[in-house]
Amino acid sequence: MKKILTNILLCSFVLLCSSCFEEVDLGYPYHVIFPKEGGEQIITGDESYVSIEITNYDGDTGFSSENEDGTEYDEFEWLKVESKYNSNELKIYAEPNTSGKLRKLYITIYSGPEYQEIQVLQK
């Protein structure tokens, strides 16, 4: 009985925590499209952010690093995002697409308990 009660409490805690985050419009574009040559784009939004994450369709994530000046770099597969903490501007870099297939990744911007997802496509 004690084990069942513990499992119920743990499941309730997980549900409670997951409901704290809400997708909202932070003013960033919902889609960013790169040509097959790749390149760089700067996008801005209405709200500043505290963290960024790049993922694919399966939820796999890249890695982050930070410079001494506070610039954060997030990278995953063919995409790189450069940002500064508590800013509202992102620099997005895409490597050239030599596969000939459409590529897709997602950038999630977190601003406290709110977040916005940006779909990045490359032809």
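Two strands count as paired if DSSP finds at least two bridges between them. Keep that rule in mind for the sheet that opens this tour of a predicted model.

**Stop 1: the sheet.** Select strands 3, 5, 6, 7 and 8. These five strands form an open sheet, in the order 3-8-7-6-5, with antiparallel pairing. Now colour strand 3 (39-44) and strand 5 (63-66), which stand at the edges. Each has a single partner strand, so one side of each is left without a neighbour in the sheet. Look along the sheet next: on average, neighbouring strands are turned by 20 degrees against each other, direction ignored. As background, strands of a sheet pair through backbone hydrogen bonds, and the pairing can be parallel or antiparallel.

**Stop 2: strands 5 and 6.** Stay at the edge formed by strand 5 and add strand 6 (residues 71-76). The two run antiparallel and are joined by four bridges. Within this pairing, select glutamate 66; the residue opposite is glutamate 72 in strand 6.

**Stop 3: the salt bridge.** How many salt bridges does a search of the whole structure find? The search finds one. To see it, show the side chains of lysine 84 and aspartate 69, whose closest N and O atoms are 3.7 Å apart. Lysine 84 lies in strand 7 (residues 79-84), while aspartate 69 belongs to the loop between strand 5 and strand 6, so the salt bridge ties together parts that are 15 residues apart in sequence. Turn on the surface here. Aspartate 69 is exposed because its relative accessible area, 53%, is over 50%. Lysine 84, with a relative accessible area of 42%, is partly exposed.

**Stop 4: the aromatic rings.** The structure holds two aromatic pairs. One of them is formed by tyrosine 110 and tyrosine 115. A pair of aromatic rings is described by the distance of the centres and the angle of the planes. For tyrosine 110 and tyrosine 115 the centres are 6.0 Å apart and the planes stand at 45 degrees, which makes the pair tilted.

Are these two rings buried, exposed or in between? Tyrosine 110 has 23% relative accessibility and counts as partly exposed. Tyrosine 115 is also partly exposed, with a relative accessible area of 23%. Buried would require a value under 20%.

**Stop 5: from tyrosine 115 to tyrosine 49.** Keep tyrosine 115 selected; its place is in strand 10 (residues 114-122). Then add tyrosine 49, which is 66 residues apart from tyrosine 115 along the chain. The C-alpha atoms of tyrosine 115 and tyrosine 49 are separated by 8.6 Å.

Key
Residues are numbered from 1 along each chain as its sequence is written. This is a predicted model: local features need pLDDT of at least 70, side-chain atom pairs count only at pLDDT 80 or more; totals for chains, interfaces and linings use all residues. Side-chain values use heavy atoms; hydrogens and water are left out. Buried means under 20% relative accessible area, exposed over 50%, partly exposed in between (1.4 Å probe, protein chains only). Rings of Phe, Tyr and Trp (its six-membered ring) pair if their centres lie within 6.5 Å; planes under 30 degrees apart count as stacked, over 60 as edge-to-face and the rest as tilted. Axes are lines fitted to C-alpha atoms, for helices over the stretch in contact, and angles run from 0 to 180 degrees between N-to-C directions. A salt bridge is a side-chain nitrogen of Lys or Arg within 4 Å of a carboxyl oxygen of Asp or Glu.
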